[in-house]
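This report describes the chain composition, the strand order and the helix packing of one protein model. Please consult the sequence and structure shown below.

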Amino acid sequence: MITRLSVPARSVLMASAVLAGFLLAPAAHANTAPADGVVLVPPAKAETVMPKFKRGRIVDFKTRQKPGSIVIVTREHALYYILGNGKAVKYRVATAKRGFEWSGTNTVSAKVKWPSWSPPAAMRKRRPELPSYMAGGPENPLGARAIYLGSSIYRIHGTNEPASIGKSASSGCIRMHNADVSELFQHVKLGATVTVV
């Protein structure tokens, strides 16, 4: 059986429903009158997205260095790209051979794809067979990418000698597999701090 309400009764019922809805609405929306069919949704919280690394391995690493910094631990033949919150991306590297070791802090001053190479005079004196200049390419000792450290002669770079990775083999530069340095190259920023210990 259908009960028909009189016009005044229907008006009172609708007014009560509207009033009840107004009183139950959140205080933040008390002065807002959304159009029919519009649902008010609170803004979503921003989520921190962890960059994806296919070559490097995410590990626990405590440091005071800022996210985006690089720490190279010579005795481990390891490079750590700092993510923050006690995490870093670890890569195996080749470090300086005996007599060419160094430690200190510098900043990333340039990033170059398939860099050319001009061996320093001291290196050419030790190895006269080296050319004075070599264009970038697969045979170039700097490999696929080079990350330059300040105004020094040192770089983090790829290599045409992948068997040297994990050893003390360079004249002071930090060597990486070409695929590894290409991945790091995408993430590291100009001005980032690089610390060698």
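## Chain overview

Of the 197 residues in the protein chain, 34% count as buried (under 20% relative accessible area, with a 1.4 Å probe and protein chains only). The exposed surface of the protein chain is about 13000 Å², by the Shrake-Rupley method with a 1.4 Å probe, and carbon and sulfur atoms supply 57% of this area.

The model is predicted: local features need pLDDT of at least 70, side-chain atom pairs count only at pLDDT 80 or more, and totals for chains, interfaces and linings use all residues. Residues are numbered from 1 along each chain as its sequence is written, and side-chain values use heavy atoms, with hydrogens and water left out.

## Secondary structure and contacts

The protein chain holds 3 helices and 11 strands, taken as DSSP runs (helices H or I, at least four residues; strands E, at least two) and numbered from the N terminus. Their succession from the N terminus is α-β-β-β-β-β-β-α-β-β-β-β-α-β.

Among contacts (heavy atoms within 4.5 Å) with a separation of 6 or more, 59% involve residues 24 or more positions apart.

## The sheet

An open sheet of 9 strands follows the order β1-β4-β3-β2-β11-β6-β7-β8-β10, with mixed pairing; two strands pair if DSSP finds at least two bridges between them. At its edges lie β1 (57-60) and β10 (174-175), each of which pairs on one side only.

Strand β8 (residues 155-157) runs parallel to β10 and is joined to β10 by 2 bridges. Ile156 stands opposite Ile174 in β10.

## Helix α3

Helix α3 (residues 178-187) lies across β2 (70-73), β3 (78-84), β4 (87-92), β6 (104-113), β7 (145-149) and β8. Helix α3 runs at about 55 degrees to β7, where axes are lines fitted to C-alpha atoms, for helices over the stretch in contact, and angles run from 0 to 180 degrees between N-to-C directions.

Terms used: Buried means under 20% relative accessible area, exposed over 50%, partly exposed in between (1.4 Å probe, protein chains only).
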